[in-house]
2 protein chains.
Amino acid sequence: MIGMKDVKGADSPDLTATATFRLGTVGAYVTDAYTARIDALGFGLRPKHVGLMTVLAAEGPGRSQQDLARGLGVAPSLVVALADHLEGLGAVRRERDPADRRRQLLTLTDEGRALLARCAAIGHELDEELLDGVPRADRERLHAVLAALAGRFGLPG
Amino acid sequence: MIGMKDVKGADSPDLTATATFRLGTVGAYVTDAYTARIDALGFGLRPKHVGLMTVLAAEGPGRSQQDLARGLGVAPSLVVALADHLEGLGAVRRERDPADRRRQLLTLTDEGRALLARCAAIGHELDEELLDGVPRADRERLHAVLAALAGRFGLPG
DNA sequence: GAAAACGATTCATGCTCTGAATGATTCTCA
DNA sequence: TGAGAATCATTCAGAGCATGAATCGTTTTC
């Protein structure tokens, strides 16, 4: 039976054998699951809100919205909406930069840090469920490769 | 300096340390890159079109649109639009099931197979570029883990 | 043979995101 | 110094993708 599926012609390249395909489908699935979890918190949070808080926590306080937009890879106008919502939750503070009053400096508040911590905890819970049964060595290698790729692509984190 | 970042309180759980976060961001990045490539083909193809062709190729001809919708995890009405477009390209054939004339049986044409092959080739090219420099052993392990997860989640492929 | 169930299709709508236009502030440099 | 270019945040209209309800034809059930 070996080779039977090739009877009709040359071996067709299999898309499902690519990392591109697997990363895309698995990534979308995981993101959907995560979206549902943070939505259940009831604060109207979407992954991009968490992303914004994450870069805010990572790159220290006092980033302009322009910086954030670049860091997140989104349009500046979207950062406005994200920041509006987070500000409404008290998770983020907006202050005009005294040195350049065009800029809005965003800072994560203590409440924001607490909220981000909850979102991070949800991520860890989800990891446990999704990767249940995957050997620790495999998990670590997966994480190492993904982190390396993220760094190469200039992704946040 | 060790532990300095914890000065202000308990060690905050780090979202960027989760597979959830990494799979989400890296997956979205890779999907964007792939979307741009297949778009450059000029056939108006989006990842879901390729997904539809992929399950059609994998699960043999003669699937109803209802089946496909379940397999892809999308609403049946979306399959209509996807199939419309692919039919317009000559990549897919629509035939009423003689045994149940409510059903539309979708079949990948030879042209469809050729188109899918091109899309798969693009995926492999992208793999080469994105994973350039990643050791073969790591690539294989990455793929194995992702394939296992995809199977567990019931994803196509 | 009537009613319920099922499949495909259309359509209106929601959601996310973008890019252009606007207003305020700062920078450039003649 | 002062006029025009550049920069930042914001608003707003609109594109694009996906969904769910309504509809029509077909089949199943009893």
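Arg102(B) and Asp100(B) form a salt bridge, with the closest N and O atoms 3.0 Å apart. A salt bridge here is a side-chain nitrogen of Lys or Arg within 4 Å of a carboxyl oxygen of Asp or Glu. Arg102(B) is exposed, at 70% relative accessibility. Exposed means over 50% relative accessible area, buried under 20%, and partly exposed in between (1.4 Å probe, protein chains only).

The model is predicted: local features need pLDDT of at least 70, side-chain atom pairs count only at pLDDT 80 or more, and totals for chains, interfaces and linings use all residues. Residues are numbered from 1 along each chain as its sequence is written, chains are lettered from A and ligands numbered from 1 in the order in which they are written, and side-chain values use heavy atoms, with hydrogens and water left out.

Over all chains, the structure holds 22 salt bridges. One of them joins Arg139(A) to Glu128(A), at 3.3 Å between the closest N and O atoms. Arg139(A) belongs to helix H6 (residues 136-153) of chain A and Glu128(A) to helix H5 (residues 110-130) of chain A, so the pair ties together parts that are 11 residues apart in sequence. Helices (H or I, at least four residues) and strands (E, at least two) are DSSP runs, numbered from the N terminus. Arg139(A) is buried at 16% relative accessibility. Glu128(A) is partly exposed at 44%. In chain A, a network of salt bridges also links Glu59(A), Arg63(A), Asp67(A) and Arg70(A).

In chain B, Glu87(B) and Arg94(B) meet in a salt bridge of 2.7 Å, N to O. Glu87(B) is partly exposed at 33%, and Arg94(B) is buried at 18%. Arg94(B) also faces DNA: a polar atom of its side chain lies 3.2 Å from a phosphate oxygen of DNA strand C. This is a polar contact (a pair of N or O atoms within 3.5 Å; within protein, one must be able to donate a hydrogen and the other to accept it, and residues adjacent in sequence count only if both atoms are side-chain atoms).

DNA strand C is surrounded by 18 residues. Each has a heavy atom within 4 Å of the strand. The closest are Arg46(A), Lys48(A), Gln65(B), Gln66(B) and Gln104(B). Sugar and phosphate make up 71% of the strand C atoms that come within 4 Å of the protein. An N or O atom in the side chain of Arg46(A) is 2.8 Å from a phosphate oxygen of this strand. For the side chain of Gln104(B), the distance is 2.9 Å.

DNA strand D also has 18 residues around it, the closest being Gln65(A), Gln66(A), Gln104(A), Arg46(B) and Lys48(B). Of its atoms within 4 Å of the protein, 73% belong to sugar or phosphate and the rest to bases. A polar backbone atom of Gln66(A) is 2.7 Å from a phosphate oxygen of strand D. The side chains of Arg46(B) and Lys48(B) each place a polar atom 2.7 Å from a phosphate oxygen of strand D.

Helix H3 (residues 65-72) of chain A has Gln65(A), Leu68(A), Ala69(A) and Leu72(A) as its buried residues. They lie on the same side of H3(A), because they cover an arc of only 100 degrees around the axis. The arc is that of the directions from the helix axis to the C-beta atoms. An α-helix has 3.6 residues a turn, so residues three or four places apart point the same way. Just after H3(A), Gly73(A) takes a positive phi of about 75 degrees.
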